[in-house]
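Trainee: Could you take a close look with me at one part of this model, the salt bridges? I'd love to have the linked ones explained residue by residue.

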Amino acid sequence: MRPRWTCPRCGRSFASRNQTHTCARLGELDRHFAGCDPTVRETFDRVLAAAQSLGQVQVLPEKTRIALHARMSFAAFVPRRHWLAGHLILARQIRSPRFSKVESYSPRNVLHEFRLGAPDEVDDQFMTWLAEAYQVGIQRHLS
């Protein structure tokens, strides 16, 4: 596997050299949760703990979202006042009522949008999908 490329302007690392992105400073994670119910942060923290149990994960608090990144970003979250909006990138399409939108960008990059309302929604099924998304993040799905 090729080494990751690091943007000389913003310092972010990517799987592909000169990958298109917005060079911007990362913000503070806590800023994303200002004005949210405490359960929104608890839900995110549960997702993050599950992701970190899978391997190395970078948390990228960007301007409009919080991305979870390995070799590539495999999940992103937008805290709302009463819930956590997010998406996972999977290598296949999964139909589930838990996904509000499924959009294929390529045969092995399929965005699955969801909403989590409480920490207990980070259940075994969700963690299975998160583990699958992490495999996309480390690009194991390409081998």
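Mentor: Happily! In this predicted model, salt bridges join D30, R41 and D45 into a network. Start with R41 and D30, whose side chains meet at 2.7 Å, N to O. R41 belongs to helix α1, whereas D30 sits in the loop between β2 (13-14) and α1, so this salt bridge ties together parts that are 11 residues apart in sequence. D30 counts as exposed, at 54% relative accessibility, while R41 is partly exposed, with a relative accessible area of 24%.

Now turn to D45, which forms a salt bridge with R41 at 3.0 Å, N to O. Both residues lie in helix α1, 4 residues apart, and about one helical turn separates them. D45 is partly exposed, with 34% relative accessibility.

The whole structure holds 6 salt bridges, and another one worth your time pairs D123 with R98 at 2.9 Å, N to O. Here distant parts of the chain are linked, 25 residues apart: D123 is in the loop between β8 and α2, and R98 is in the loop between β6 and β7 (99-106). Both partners are partly exposed, D123 with a relative accessible area of 29% and R98 with 26%.

Helix α1 is also worth following inward, to the largest nonpolar core, which has 30 residues. α1 (38-52) is one of the elements that supply at least two residues of this core, and its contribution of 6 residues is the most.

Key. Residues numbered from 1 in each chain as written. Predicted model: local features only at pLDDT ≥ 70, side-chain atom pairs only at ≥ 80, totals over all residues. Heavy atoms only, no water. Core = buried A, V, L, I, M, F, W, Y, C linked by side-chain atoms within 4.5 Å. Buried < 20%, exposed > 50% of the residue type's maximum accessible area, 1.4 Å probe, protein only. Salt bridge = Lys/Arg side-chain N within 4 Å of Asp/Glu carboxyl O.
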